[in-house]
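Hello,

Here is the structure I promised to pass on to you. Have a look at it first, and then read my notes below.

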Amino acid sequence: MNLKLLTSTLLLLICITEMMYAQSTKEIKGVVMDNDGNSIPYAHILISNTSKGTFSNLEGAFSINISEKYADQQLQISATGFEMVRVNISALSTKKKNKVTLKSFVTELDEVVITPKDMREILKEALRKIPENYALNPAKVHGFYRNRTSLNESTANYIEAAMDIYLQGIQEEDKKNQLQLVKARSLTDSTAWESFQFDDDSMDMDMDMTGMAHEMLESDLVKDNGNLFGDDEEMSSRFVMFLNEKTMDYYTFEFVEMTTYQGRSAMVIDYKPRWKMDLGMFEGRIILDEDTKAFCHVDYNVPKSYLKYIIPLRGIGKGLLIGALKIFGGLSFNFHINHIRGSESYQFVDNKWYPKYKNGDFSFFLKVRYPREEIDIATDIGIKADFFITDVTTEDIQEIEEENRLKKEDSLVELSDAFDDPFWTTYPLIPASEEVLSDVQQLN
């Protein structure tokens with residue numbers, strides 16, 4: 001067979017394969033809204049009787065590819081505070097956006113009263129039931145990771161990555177999560193970073209936040225009893241954690257209302273610092289499953305009055321260096337944190353709770369003026385990352401081969417393929433927000 005004939009045959013096979021895939025799957029696009037026409041962000045869209053699904057974005061938009069074998073199934077759409085809706089997959093259009101309306105949940109109880117003391121006892125019970133509620137054994141899951149770094153609110157770096165993941169069990173200490181990269185893509189506004197390119201390599205700003213994917217997955221508020229900093233003992237020691245029975249008394253917990261989460265009855269609990277301390281504290285909201293007493297959603301925010309305690313003690317050495325440069329080198333330096341916030345959500349699969357969605361949002365202001373090296377920087381730097389976890393499998397779990405594991409020091413930017421790689425046309429992508437998409441289109 002000559003080369004020309006071989007090439008033609010291969011091209012034909014590729015076309016046939018793509019046609020077969022298109023016929024065996026269908027892409028469903030839609031938007032999730034409430035009765036008033038407002039979009040519902042981060043709604044959970046799931047194929048019934050499976051763990052396969054996706055999420056809506058900030059504008060309520062979603063996209064999912066559905067195999068022909070699920071044609072007779074239903075899509076179940078749920079969001080916190082709304083009643084779950086089930087829609088026949090066969091009734092959904094592939095030619096236009098499907099509008100899904102969720103009805104607000106209203107408790108049938110005239111009044112629910114839970115005293116602060118009772119609330120604290122309920123949360124302590126939830127902490128004690130962690131080994132019972134969360135998977136002790138590993139699972140295989142699929143992950144979609146998105147990272148956006150902004151300078152003065154304009155996108156400077158943008159990364160998306162699809163991964164297969166060996167997810168460690170809640171008490172599996174001897175093994176860590178294992179990530180295998182399926183595909184990555186990224187965009188960088190090189191002009192935005194020009195002011196950060198110094199002659200002295202030791203002063204370069206390393207903004208390739210590849211390791212954040214690992215850190216986000218390893219940091220588990222439930223598993224670590226509210227510890228956001230993992231193995232970093234120094235940072236952990238400077239914060240009072242709210243999901244920890246030993247330090248809960250530093251916080252007040254207030255029952256807000258009953259709601260729904262993934263179609264299940266749940267309690268909404270607000271928490272905040274009880275008094276001011278010279279340590280980092282948090283405020284936010286907890287959603288607790290009423291039946292299992294499992295933490296199914298936690299969001300956190302560091303109040304502005306506590307942001308000054310974020311600077312770690314290990315920064316003292318650098319602080320002395322900066323002080324010397326100020327005196328002898330004319331250095332002008334200013335740094336402060338604008339905000340730290342995030343959330344973690346869980347999904348109920350096979351009577352256990354697994355991670356579903358993790359979000360981290362960190363912003364700080366940096367001003368450096370050093371005439372001797374012609375350095376003049378004044379900018380707000382923001383880092384926002386999302387990790388969506390779907391397709392939970394609990395049977396026949398195999399570890400990822402060592403050589404195929406994505407390491408913390410690996411660069412997703414360097415491992416990225418073309419941004420318009422055909423892979424992404426069939427991948428069940430969680431759409432970015434319209435604001436971010438606009439920035440990405442300009443970068444691309």
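A good place to begin is helix α4, where Gly211, Ala213, His214, Met216, Leu217 and Glu218 are buried. That makes the helix, which runs over residues 211–218, mostly covered, with 6 of its 8 residues buried. Please keep in mind as you read on that this is a predicted model.

**The cores**

Leu217 of that helix turns up again in a nonpolar core, but let me start with the largest one. It has 50 residues, and the members that touch the most others are Tyr134, Phe242, Phe253, Ile286 and Phe295. Several elements each supply at least two residues of this core: α2 (116–128), β11 (251–261), β12 (264–273), β13 (283–289), β14 (295–301), β15 (332–349), β16 (352–370) and β17 (375–393). A second, separate core holds 22 residues, including Leu179, Ala184, Leu217 and Leu412.

If you would like one residue to click on in the largest core, try Phe242. Leaving aside residues up to four places away in sequence, Phe242 touches Leu221, Met248, Tyr251, Phe253, Tyr271, Phe282, Val298 and Tyr300.

**A mixed sheet of three strands**

Next, please find the open sheet whose 3 strands come in the order β4-β1-β7, with mixed pairing. Both β4 (61–67) and β7 (98–102) are at the edges with a single partner strand each, so one side of each has no neighbour in the sheet. From one strand to the next, the twist averages 35°.

The mixed pairing is easy to follow from β1. With β7, strand β1 (residues 25–34) pairs in the parallel sense over 5 bridges, whereas β1 and β4 pair in the antiparallel sense over 7 bridges. On the β4 side, Thr25 stands opposite Ser67. On the β7 side, Gly30 stands opposite Asn98, Met33 has Thr101 as its bridge partner, and Asp34 has Leu102. Strand β1 is mostly covered, as 7 of its 10 residues are buried.

How do the side chains along β7 point? In a regular strand, side chains alternate between the two faces of the sheet. Strand β7 shows such an alternation: Asn98, Val100 and Leu102 point to one face and are buried, while Lys99 and Thr101 point to the other and are not.

**An antiparallel sheet of four strands**

There is also an open sheet of 4 strands in the order β3-β2-β5-β6, and here the pairing is antiparallel. Its edge strands are β3 (53–55) and β6 (85–88), each pairing on one side only. The twist in this sheet averages 20° from one strand to the next. Inside the sheet, β2 (residues 44–47) and β5 (residues 74–78) pair in the antiparallel sense over 4 bridges. To see that pairing up close, look at Leu46, whose bridge partner in β5 is Gln76.

**Aromatic rings**

Finally, the rings. A search of the whole structure finds 23 aromatic pairs. In one of them, the rings of Phe362 and Phe364 have their centres 5.4 Å apart and their planes at 35°, so the pair is tilted. Are these two residues buried or exposed? Phe362 has a relative accessibility of 27% and so counts as partly exposed. Phe364, at 9% relative accessibility, counts as buried.

Phe423 and Trp424 form another pair, this one edge-to-face, with 5.0 Å from centre to centre and 90° between the planes. Phe423 is partly exposed, with a relative accessible area of 22%, and Trp424 is buried, with a relative accessible area of 7%. Both belong to an aromatic cluster formed by Tyr42, Phe55, Phe144, Tyr357, Phe388, Phe423, Trp424 and Tyr427.

Which residue lies over the face of Trp424? It is Arg185, at 4.6 Å from the ring centre. Arg185 also lies over the face of Phe419, at 4.1 Å from the ring centre.

Enjoy exploring, and write back with any questions.

Best wishes

Key. Residues are numbered from 1 along each chain as its sequence is written. This is a predicted model: local features need pLDDT of at least 70, side-chain atom pairs count only at pLDDT 80 or more; totals for chains, interfaces and linings use all residues. Side-chain values use heavy atoms; hydrogens and water are left out. Two strands pair if DSSP finds at least two bridges between them. Axes are lines fitted to C-alpha atoms, for helices over the stretch in contact, and angles run from 0 to 180 degrees between N-to-C directions. Buried means under 20% relative accessible area, exposed over 50%, partly exposed in between (1.4 Å probe, protein chains only). A nonpolar core is a set of buried Ala, Val, Leu, Ile, Met, Phe, Trp, Tyr and Cys residues joined through side-chain atoms within 4.5 Å. Contact means heavy atoms within 4.5 Å. Rings of Phe, Tyr and Trp (its six-membered ring) pair if their centres lie within 6.5 Å; planes under 30 degrees apart count as stacked, over 60 as edge-to-face and the rest as tilted. A charge sits over a ring if NZ of Lys or CZ of Arg is within 6 Å of the ring centre and within 35 degrees of the ring normal.
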